[in-house]
Amino acid sequence: MSPLFGNRHTRTNIDGIAKQALETGRTRILVAGALFSLAFLAIGLRLADVTIVKPAGEPRLAANKRTPAFAAGRADIVDRNGVLLATSLNTASLYANPRQILDAREAADKLARILPGITAGEAMSKLSSDRSFVWLKRHLTPRQQYAVNALGIPGLYFQREERRVYPQGKLFAHVLGFAGTDGTGLAGIEKTFDDTLRSGAAPVRLSVDARVQHILHQELQAAVTTFRADGAAAMVMDAKSGEIVALVSLPDFDPNLPNAIPQKAAFNRTTLGVYEMGSTFKIFTTAMALDSGASKMASSYDASKPIRIARFVITDYHGKNRWLTVPEIFIYSSNIGTVKMALDVGTKRQQEYLRRLGLLAPAAIELPEVGSPLMPSPWREINTMTISFGHGVAVTPVQLAQATAAVVNGGILPKATLLKPAKDAATPGTRVLKPQTSRDMRRLMRLVVTDGTGTKAEAKGYFVGGKTGTAEKIGARGYRAKALVSSFAGAFPIDDPRYVVLVIVDEPHGNKQSFGYATGGWVAAPVVKRFVERAAPLLGIAPRASDSPEVARILDLKLPVAAKSKPKDRQGSDQVASY
Amino acid sequence: MKGRATLFCICLAVAVGFGLFHVKYKVQALEEELARLNSQIVHEQEQLHVLRAEWAYLNRPERLEDLNSRFLGLAPVTPAQLGRLSDLPPRPIEEAEQGEGEEKAKDLPQAKPVIGAIRTGAPR
């Protein structure tokens, strides 16, 4: 018997008390036993539940929560075909703790031998200093890092750093801009989309095409070299969607070396620079005259005498000294005729049309470098007259390209953009001209290239149409006859334009090949020709025979009123008025 | 009877313990392997990233042009080199009937790849 049931000797004495205690003990044992049974039952049930009832519910494989992803830091920028334009690479930077260096002389000699840009003396002074941290070289290449490791010098360490790399070098300098050493966008797309790029999400896809950009860059650079020009700007824009396929501003810079960019090269002439465009502006004067009904294609104006107003005289460079029809005024670039057309349109309507064509407000392009157009205030009649042939209003090349696109694409002003839109996104645009006006303007622009001042832009088979322009730059004392801005604004194929091409050369100098001329017809038009010949196959435009009936039908290639005598020197006849 | 049951229980406990530790070590080894693979994936991704940059750098139009001028001497496509199928003259019927035309027609596939090249060259 267990002691739990008491002692027989004491039973009689304390019988009542012992019994009571015994009862209490039994009850407690019962309760405790019941609790334990319940607990074991619960565990047993759970065990059955887990092992027998729902084993299928358990995952066969553990979820891998640590999905590895390489964090690239700043996101990439790619062109419309996915070609890499900007990326971030992790690099190793070399630093040393001079206190741990055993033999500074030997270490310096070894480092100088394998690292370019470090002299033994320089390294020696750094390594023998009394500090505990000195930078030796930032951003080593993987090969250099390996070589330094192979030296096995104690006291040398690497710090992982990120570096922005532009594999295409100079090519997209003004489109991309550049990022500083701390990874902040300081210009161009890098600045506009700084937040998006920093969040490291998907790459930013631009509308530019690296191949087309290269051709435009090369041809423009050739023109700048040939004519010893101060600079140049050019762009290619999709005539309907406003996507910029190529954008070049010269001189340019290498964004890989953001600390060595000359101020002049950093200036984006295509979007920030404003220029008086000269005769290229006659596209808009003629379009507004036709669109408003102030002139008809068959209207003619007296261009026999110069216009004298106040102290100005407006003349034609190669005056025909007779009445000219609207097409003749346009293709021979007659200032007198254009001024008279503008006067028929009127100051108010001229302002209204220029505003609708987006020429009086800054372009809404995705670059921080956007120039505001310059216009006269108050806008007097004399301003209406000079603006008609492109003097008095200064606009950025991107505005000009946008407005030219509106004139040739059927009359809808597209929004210039550097981003590639989603596949079936509707292209934003507002109607600014009647479709008929656009048809007439395309005919006129084609005539400029076949019979007028722009014959050097003719790229056989691709039907370029456009308008040349030569403006004098404003100097300290009025216009400088020797400092020109020569331009060509055109589109191809002109019967149904796919792309607008704009070339502007700043202060070109005539040479022997151009017989001393530095006008738009001699400087800018050949760039367009060479560009179109090389780029059109890449842009998916097939050449057609020059007598192709489909083109002839649309373009109606005859001058409505034949010129009585063809000018001997067509190329020079787009000179603007000297006053 | 009692002794047998005890022996059985002890054996079972040892076996289960052994199994448990075996699985545990296996899991540990697998976890190590996983961590190693993950870091390798990240490393490879980084390498890919660098290689992609290098690929873009080596494919610069400027460099390709230089290489072309040194080794290939290809010239830009001129309009005269591009044609359409409809520009081809109709197939001479007499020759086809003679049976030699079959082979001659096979010698004329130049037009097709050229047109294909224009299409694929278009920006997407």
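1. A residue is called buried if 20 or more other C-beta atoms lie within 10 Å of its own, and by that test buried residues make up 47% of the 579 residues in chain A. For chain B, with 124 residues, the buried part is 2%. Please keep in mind throughout that this is a predicted model, for which the predictor gives the complex an ipTM of 0.73 and a pTM of 0.77.

2. On the overall make-up of the two chains, chain A has 19 helices and 18 strands, whereas chain B has five helices and zero strands, so that its pattern, read along the sequence, is α-α-α-α-α. Within chain A, if one takes the contacts between residues at least 6 apart in sequence, 72% of them join residues at least 24 apart.

3. The largest nonpolar core has 135 residues, and those with the most contacts inside it are A:Met237, A:Val501, A:Val503 and A:Val528. Helix H18 of chain A, residues 520-535, gives this core its largest share, which is nine residues. A second core, separate from this one, has twelve residues, among them A:Ile101, A:Ala108, A:Ala123 and A:Leu136.

4. It is worth following one of these core residues outward, and A:Val528 serves well as an example. When its neighbours within four places in sequence are left aside, A:Val528 is in contact with A:Ala457, A:Val464, A:Gly466, A:Phe488, A:Gly490, A:Val501 and A:Val503. Two of those partners, A:Val501 and A:Val503, lie on one side of strand S18 of chain A together with A:Tyr499 and A:Val505, and these four are buried.

5. How many of the residues of strand S18 (residues 499-506) are buried? Eight of the eight are, so the strand is largely enclosed by the rest of the structure. Both of its faces are covered, since the other side, with A:Val500, A:Leu502, A:Ile504 and A:Asp506, is buried as well.

6. Strand S6 of chain A, residues 231-238, pairs with S18(A) in the antiparallel sense over eight bridges. Within this pairing A:Ala232 stands opposite A:Val505, and A:Met235 has A:Leu502 as its bridge partner. Strand S6(A) is itself mostly covered, with eight of its eight residues buried: A:Gly231, A:Ala233, A:Met235 and A:Met237 are on one side, and A:Ala232, A:Ala234, A:Val236 and A:Asp238 are on the other.

7. S6(A) also pairs with strand S7 of chain A, residues 244-250, again in the antiparallel sense, here over six bridges, and A:Ala233 stands opposite A:Ser249 in S7(A). The two strands form a hairpin with five residues between them, and in the turn A:Gly242 has a positive phi of about 80°.

8. Two helices of chain A can be checked in a simple way. For helix H17, residues 435-451, a rise of 1.5 Å a residue means that its 17 residues should span 24 Å, and its end C-alpha atoms are indeed 24 Å apart, which agrees; H17(A) is also mostly covered, with 13 of its 17 residues buried. In helix H13, residues 335-345, one can look at A:Ala342, which is buried because 27 other C-beta atoms lie within 10 Å, and the cut-off for that is 20 or more.

9. Leaving out residues up to four places away in sequence, A:Ala342 touches A:Thr285, A:Gln350, A:Thr384, A:Met385 and A:Ser388. A:Ala342 and A:Ile387 are 45 residues apart in sequence, yet their C-alpha atoms are 8.7 Å apart in space.

10. The contact between the chains takes 25 residues from chain B and 28 residues from chain A. On the chain B side, helix H1 (2-58), helix H2 (61-72) and helix H5 (111-121) each supply at least two residues, and H1(B) gives the largest share, eleven residues. The chain B residues that touch chain A divide into 14 nonpolar, four polar and seven charged.

11. A caution about chain B is needed, although its average pLDDT is 78 and 75% of its residues score at least 70. Over residues 99-106 of chain B pLDDT stays under 50, and the model has six contacts beyond four places in sequence for them; over residues 108-124 of chain B pLDDT also stays under 50, with 22 such contacts. Where pLDDT is low, the predicted coordinates should not be read in detail.

Terms used
Residues numbered from 1 in each chain as written. Chains lettered and ligands numbered in written order. Predicted model: local features only at pLDDT ≥ 70, side-chain atom pairs only at ≥ 80, totals over all residues. Core = buried A, V, L, I, M, F, W, Y, C linked by C-beta atoms within 7 Å. Contact = placed C-beta atoms within 7 Å. Expected span 1.5 Å × (residues − 1). Nonpolar A, V, L, I, M, F, W, Y, C, P; charged D, E, K, R; others polar. Pairing = 2+ DSSP bridges. pLDDT = per-residue confidence, 0-100.
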